[in-house]
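Thanks for coming, everyone. I'll walk you through one structure today, from the overall fold down to single side chains. Have a look at it first.

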Amino acid sequence: MANSASGMAVDDECKLRFMELKAKRSHRFIVFKIEEKIQQVVVETLGEPQQSYDDFTASLPANECRYAVYDFDFTTDENVQKSKIFFVAWSPDTSKIRSKMLYASSRDRFRRELDGVQVELQATDPSEMSLDIVKERAF
């Protein structure tokens, strides 16, 4: 399998923080970064529960790839409060090719570590993960 060929380890903190987001809702979002030197995915940023979607998108670097999860709260047409966990593979066009390849080859393996993600988004520029798109995908 090509994806496991990247050999990228996942720091235990990634799974721990994700479980906190999923079960306790103690984070609104988490941004993950691949540390090439140690060949590991690590937690880079934790979003506070009261932070907004704009805070989340602002936490993603403009020229570097990242993985992220976002806990999106919404109200259905039937006026029911719901929440969905989004996995975002952020790979801006302006990032280095090596970085894009590394994130692309490690993505599926890392994504499988996060049990409970309901929606996946791949974005190369902010318009591909606008709030409108997130709302549309949540329903």
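Let's start with contacts. Take the contacts in the protein chain between residues at least 6 apart in sequence: 62% of them join residues at least 24 apart. Keep in mind that this is a predicted model.

Now the layout. The protein chain has four helices and six strands. Read from the N terminus, the order is β-α-β-β-α-β-β-α-β-α. How compact is the protein chain, going by its radius of gyration? The radius is 15 Å, and the globule rule gives 14 Å for 139 residues. Those values are close, so the chain is as compact as a globular protein of that length. Along the principal axes, the C-alpha trace spans about 45 × 30 × 30 Å.

Next, the surface. The accessible surface of the protein chain is about 7600 Å². Carbon and sulfur atoms account for 48% of that surface. As for the inside, 40% of the 139 residues are buried.

On to the aromatics. A pair of aromatic rings is described by the distance of the centres and the angle of the planes. This structure has 13 aromatic pairs. I'll show you two of them.

Tyrosine 67 pairs with tyrosine 103. Their centres are 4.9 Å apart, with 55° between the planes, and the pair counts as tilted. Where do these two tyrosines sit? Tyrosine 67 is in strand E4, residues 66-75, and tyrosine 103 is in helix H3, residues 97-113. They are 36 residues apart, so to speak distant parts of the chain linked by one pair. Both tyrosine 67 and tyrosine 103 are buried.

The second pair is phenylalanine 87 with phenylalanine 110. This pair is tilted too, at 6.2 Å centre to centre and 50° between the planes. Phenylalanine 87 belongs to strand E5, residues 81-90, and phenylalanine 110 to helix H3. Again the pair links distant parts of the chain, with the two positions 23 residues apart in numbering. Are these rings buried or exposed? Phenylalanine 87 counts as buried because its relative accessibility is 0%. Phenylalanine 110 counts as buried as well, at 2%.

There is also an aromatic cluster. Phe29, Tyr53, Phe56, Tyr70, Phe72, Phe74, Phe86 and Phe139 form it together.

Now the cysteines. A disulfide is a covalent bond between the sulfur atoms of two cysteines. How many does this structure hold? Zero. Why is there no bond between cysteine 14 and cysteine 65? The sulfur of cysteine 14 has its closest cysteine sulfur in cysteine 65, and that is 16 Å away, so it is too far for a bond. Cysteine 14 is buried, at 0% relative accessibility. Cysteine 65 is buried too, also at 0%.

Last stop: histidine 27. You'll find histidine 27 in the loop between helix H1 (12-24) and strand E2 (29-35). Histidine 27 counts as buried because its relative accessibility is 10%, and the cut-off for buried is under 20%. What does its side chain make a polar contact with? The partner is the side chain of glutamate 20, at 2.7 Å. Leaving out residues up to four places away in sequence, histidine 27 touches Arg17, Glu20, Leu21, Leu46, Gly47, Pro49 and Asp71.

That's the tour. Thank you.

Notes: Residues are numbered from 1 along each chain as its sequence is written. This is a predicted model: local features need pLDDT of at least 70, side-chain atom pairs count only at pLDDT 80 or more; totals for chains, interfaces and linings use all residues. Side-chain values use heavy atoms; hydrogens and water are left out. A disulfide is a pair of cysteine sulfur atoms within 2.5 Å. Buried means under 20% relative accessible area, exposed over 50%, partly exposed in between (1.4 Å probe, protein chains only). Rings of Phe, Tyr and Trp (its six-membered ring) pair if their centres lie within 6.5 Å; planes under 30 degrees apart count as stacked, over 60 as edge-to-face and the rest as tilted. The radius of gyration is taken over C-alpha atoms; the globule rule is 2.2 Å times the number of residues to the power 0.38. Contact means heavy atoms within 4.5 Å. Accessible areas come from the Shrake-Rupley method with a 1.4 Å probe; for residues, only the protein chains shown count as cover. A polar contact is a pair of N or O atoms within 3.5 Å; within protein, one must be able to donate a hydrogen and the other to accept it, and residues adjacent in sequence count only if both atoms are side-chain atoms.
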